[in-house]
Each structure stands twice: as structure tokens, then as C-alpha cells.
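Visitor: Could you walk me through this one slowly? I have not looked at it before.

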Amino acid sequence: MTAPSTFGLSSEARNLHWLLTNLVEEVPGLLSVAVVSSDGLLLLSSDPGRNEAARQPAEGRPAGPRGSAADLATIVSGIGSLTVGAAKLMDYGGVKHSMVAMEEGSLFVMSISDGSLLGVHGSADCDMSVVAYHMALFVGRAGHVLTPELRSELRKSLESAESTGSAR
């Protein structure tokens, strides 16, 4: 996780960290994962250290997102906003998920609850049906606990971790 420690967090926050870690560890080919609030703020992300090797070009494969987990959060938020706007214009109800298939990878965005989103960036060789299945498990387990209070706690924890990391 981006936050190096879950010490001092509520059990719900620790559970969400565990669920995200499980998602990353169980699904081969994931490059980065982010949970984004309805206002576009990063709440949770996969471990940037684990993904550093995946960002390096290998055998002609382009690198993944150039910066931090905030880059993925920005992309996920933008895609979420665009698809919600399209769904409103088409009057077909809420957006459940979106997928962007690229030559060298895929991006999958899934609604969690109250506008929160789960975004996954996968390599070209990852099985998107496996990714979608594990994302749906995450959403099913996380959606009911992602309350405004928990979102606030996660955001404060992330800000605290970032300020501690920048002080090093």
C-alpha cells in the first residue's frame, strides 16, 4: 500500500488495505491499482515500490504510468467522470465498469459506491476476465464499508504517509 503501515487505522481501513493487497498479489499482470473517491482524491493504491520494476521498459514494452499513484487516480477519475456523463446523456442508468484496451495493456475502472472508483492498470498479458472477477470481489467486499468517515480516515492516512515520505 502507499501507506507503509496500517498501525492506528480502524479495522475497516485495515481491511480495505488487506483487500487491495490481496487483489494485487492474487492477479498476475497488474501494474498498479488505485481507489479514488467521488471527488477524484486517491484513497488507496498499490505499493509503488512493487510497481517500480513494472514501470521500467522491458523487451520493447513501454513503461506504465510515469509518476505516482496520483497519475492513475487522475486517469481513473477522468474516465469515471466521462462515462458517468455519457450514461446521463444516453439515459441508460449508472455506469458499472469501463475498460480501455490498449496495444500494450489495459485499464479497467469499476464503480464501488457513492461515486468511488476502483482502477486497475494491467499489462498486455494479464487476463482481463480474471482482473474483472477480482475487482468485482473487491467492490463487493469494500462497497458497504466505504463510508464518508472511512474515506476521510484513508485520505488523512495517505496524506500523513506522503508527508512522512517527503521528510526522508
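**The sheet and its helices**

Guide: In this predicted model, five strands form an open sheet in the order 2-1-5-4-3, with antiparallel pairing. At the edges are strand 2 and strand 3, each of which pairs on one side only, and neighbouring strands of this sheet are turned by 15° against each other on average, direction ignored.

Visitor: And how many helices and strands does the protein chain have?

Guide: The protein chain has five helices and five strands, and along the sequence they follow the pattern α-β-β-α-α-β-β-β-α-α.

Visitor: How do strand 1 and strand 2 connect?

Guide: Strand 1 and strand 2 form a hairpin with five residues between them, and in the turn glycine 40 has a positive phi of about 90°. The two strands run antiparallel and are joined by three bridges; in strand 2, serine 45 is the bridge partner of alanine 34.

Visitor: What about strand 1 and strand 5, how many bridges there?

Guide: Six bridges join strand 1 to strand 5, and these strands also run antiparallel. Valine 35 stands opposite leucine 118, which belongs to strand 5.

Visitor: Okay, on to the helices. Which strands does helix 3 lie across?

Guide: Helix 3 lies across strand 1, strand 2, strand 3, strand 4 and strand 5, and runs at about 65° to strand 1. Helix 4, residues 128-142, also packs on the sheet, where it touches strand 1, strand 3, strand 4 and strand 5, and its direction makes about 25° with that of strand 4.

Visitor: Does the length of helix 3 fit its residue count, or what should it span?

Guide: Helix 3 covers residues 69-90, and at 1.5 Å a residue its 22 residues should span 32 Å, which agrees with its end C-alpha atoms being 32 Å apart.

Visitor: Which residues of helix 3 are buried?

Guide: In helix 3 the buried residues are Ala69, Leu72, Ala73, Val76, Ile79, Gly80 and Ala87. Seen down the axis of helix 3, these buried residues fall within an arc of 135°, so they line one face of the helix. The general background is that an α-helix has 3.6 residues a turn, so residues three or four places apart point the same way.

Visitor: What covers them, and which residues are exposed on the other side?

Guide: The cover over the buried residues of helix 3 includes strand 1, strand 2, strand 3, strand 4 and strand 5. On the other side of helix 3, the exposed residues are Thr74, Ser81, Leu82, Lys88 and Leu89.

Visitor: And what follows helix 3?

Guide: Helix 3 is followed by aspartate 91, which has a positive phi, near 55°.

Visitor: Same questions for helix 4, then: how far does helix 4 reach, and which of its residues are buried?

Guide: Helix 4 has 15 residues and reaches 20 Å from its first C-alpha to its last, close to the 21 Å expected at 1.5 Å a residue. Its buried residues are Met128, Val131, His134, Met135, Phe138, Val139 and Ala142, and they cover an arc of only 145° around the axis, which puts them on the same side of helix 4.

Visitor: What do those pack against?

Guide: The buried residues of helix 4 pack against helix 1 (11-26), strand 1, strand 3, strand 4 and strand 5. The face turned away from that buried side carries the exposed residues Tyr133 and Gly140.

Visitor: Let me pick a single residue. Where is serine 106, and is it buried or exposed?

Guide: Serine 106 is in strand 4, and because its relative accessible area is 9%, under the 20% cut-off, it counts as buried. Leaving aside residues up to four places away in sequence, serine 106 touches Met99, Val100, Ala101, Val120, His121, Gly122, Ser123 and Met128.

Visitor: And serine 46, where is that found?

Guide: Serine 46 is found in the loop between strand 2 and helix 2 (48-55), and at 4% relative accessibility it counts as buried. Serine 46 and valine 120 are 74 residues apart in sequence, while their C-alpha atoms are 9.6 Å apart in space.

Visitor: Last one: how much of the protein chain counts as buried?

Guide: Of its 168 residues, 42% count as buried. The protein chain exposes about 9,100 Å², of which carbon and sulfur atoms supply 55%. Among contacts between residues at least 6 apart in sequence, 59% join residues at least 24 apart.

How values were computed
Residues are numbered from 1 along each chain as its sequence is written. This is a predicted model: local features need pLDDT of at least 70, side-chain atom pairs count only at pLDDT 80 or more; totals for chains, interfaces and linings use all residues. Side-chain values use heavy atoms; hydrogens and water are left out. Helices (H or I, at least four residues) and strands (E, at least two) are DSSP runs, numbered from the N terminus. The expected span of a helix is 1.5 Å times one less than its number of residues. Buried means under 20% relative accessible area, exposed over 50%, partly exposed in between (1.4 Å probe, protein chains only). The arc is that of the directions from the helix axis to the C-beta atoms. Contact means heavy atoms within 4.5 Å. Accessible areas come from the Shrake-Rupley method with a 1.4 Å probe; for residues, only the protein chains shown count as cover. Two strands pair if DSSP finds at least two bridges between them. Axes are lines fitted to C-alpha atoms, for helices over the stretch in contact, and angles run from 0 to 180 degrees between N-to-C directions.
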